[in-house]
Amino acid sequence: MRPVIEADGVGIEFHLNRKRRMQLREVLYRRRVGAIPQGNFWALRNVSFTVGEGEAVGLVGANGGGKSTLLKIIAGVLLPDEGSVAVHGGVAPLIEVTGGFVGDLTARDNITLTAGLHGLSKETIEERFDEIVEFSEVGEFLDMPFRHFSSGMKVRLGFSVVTSLDEPIVLVDEVLAVGDRAFREKCYLRMEAMLSGGRTLFLVSHSEGDLRRFCTRGLYLRKGELVADGPLEDTLAMYNEDLDNRGKR
Amino acid sequence: MLTRARSVVERRAILRLLIGRDLKVKYADSTLGYFWSILDPLLMSLVYWFVFTVIFSRGVGREPYILFLLLGMLPWNWSQGVIHASARALTSDAKLVRSTNLSREVWVLRVIGSQAMEFLLSLPVVLLFVLVYAKTPSWYIVAFPLAVLIQATFLVGVGLTLAPVTVLFSDVQRLVRIVTRILFYLSPVIYGVQDVYKSAMPEALKKVYVLNPLSGIFDLYRAAFFPDFFVGWSEVIVAAVVSCAFLALGMTVFARLEGRVLKEI
């Protein structure tokens, strides 16, 4: 199997006490005042794994375990401080799917803009436009500014734009939790279609149902550390055991 | 650094898309759009023209002074626009920046590009006054695109430096506002480089003065209509060299700070 995602000793560090942005003064007088940012923490440390083409990987872990951070690093919207991630092939990130949309523009303009930013050519966008609109079920609101959309509509539109990209790697961060049941079922079907089309899937979810439905392999992140990497059932068992132990304490 | 530059070039379609959107927001969505973008430099030029020809007796520049002013004011507006907008380039569309894996330089280049388009679109105002005063252009007008190119190089450098720094340090924006206001008077906008050379300023300071790339650049713009006022190519070369240095600085700073910036926005 050809590797498509290779993470090697990935680490990223955040500053705990950085509530606001620094002022120049703090840099200039750092030595004198001794205001070197204290309390750094590693959201991820020494994370290494390889994902092969066509694999479906589920990422589990408690809140704050570094799941979303890892996904963002794979998507290339965060850069690791240590180690490296090599991603062979384009990525369709279903992370903050509504992030790419601009409130003042109409849904129509937003589709063109976001799809363009993700690398689709003008012709391809025109070709797929109707399909995107149909899937997202926002047809009648196409010329309404995006900020007036309901949150469900926003996510639907985001999902259908990003899943219409041709990228071989799909990253999903709990977007499936939003939207009504009918739409969720539609999303499942589309994701299954994408998977059977040979795409690589990387799924973050707290829902064991979703994980079992799509994934065969499981990664478990605990406090930024990769503690399990194996068949999904084994990883889930370990994760659940940890959760149970924590509950007892 | 070369690979970064190449990946920006590969994404030029996206850059066009973003610049197109900026212009669309500015022009297509309001009938007065174009008017607004020329109104500012035009009014400021009229004010300075009034102050320096009607109130003070003017000892600087050339006749017709309003044309002289505009040839400094329009490119100055481009510079100022880039400096102010690049300070917000990464934060104003933070969500877009955070959700797309582009070469992040694109967000800065987009600012420079859309401001450049605005500058080019405001040039007909110059043409208007050229016709009014029946001025014939000199051969230096051929070098006009060169001046645009040098200025763009300089501004890309400045923008790439400012954009990440303003994200990381909250008070830089305020500093930038003060510096631009000072820079306005330290650049040959309401006067010319030759006026500086003729002034009583110490020779050493005059050499420092032309280190500001805007000096050589604005002088070259003006040479198109005021060829006898042109101080020479050596100042243009200095401007080009300093601009390239700024470009290198900007590319380095941006690449260095990118990771930290992405955590903050």
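These are my notebook entries on the pockets of this structure.

**Entry 1: the model.** I am working with a predicted model, so I keep in mind that every value here is computed from it.

**Entry 2: the largest pocket.** I looked up its volume and found about 870 Å³ of space. Its lining is made of 36 residues, and the closest to the centre are Lys26(B), Ala85(B), Arg88(B), Gln115(B) and Glu118(B). Next I asked which elements give two or more residues to this lining. They are helix 2 (12-28), helix 3 (33-55), helix 4 (65-86) and helix 6 (105-122), which belong to chain B. Helix 4 of chain B gives the most, with nine residues. I then sorted the lining by class and got 17 nonpolar, ten charged and nine polar residues.

**Entry 3: the second largest pocket.** Here I noted a volume of about 720 Å³. I counted 31 lining residues, and those nearest the centre come from chains A and B: Ala75(A), Gly76(A), Arg11(B), Asn101(B) and Leu102(B). From chain A, helix 3 (67-75), strand 4 (82-87) and strand 5 (91-94) each give two or more residues to the lining, and from chain B helix 1 (2-10) does so too. Which element gives the most? I found that helix 1 of chain B does, with four residues. By class, I have 13 nonpolar, eleven polar and seven charged residues in this lining.

**Entry 4: a note to myself.** For the largest pocket I will start viewing from helix 4 of chain B, which gives the most to its lining. For the second I will start from helix 1 of chain B, which gives the most there.

Technical notes
Residues numbered from 1 in each chain as written. Chains lettered and ligands numbered in written order. Predicted model: local features only at pLDDT ≥ 70, side-chain atom pairs only at ≥ 80, totals over all residues. Heavy atoms only, no water. 1 Å grid on protein atoms, 1.4 Å probe; cavity = no way out; pocket = protein on both sides within 12 Å on 5 of 7 lines; lining within 4 Å. Points joined across faces, edges and corners; volume = space filled by probe spheres on them. Nonpolar A, V, L, I, M, F, W, Y, C, P; charged D, E, K, R; others polar.
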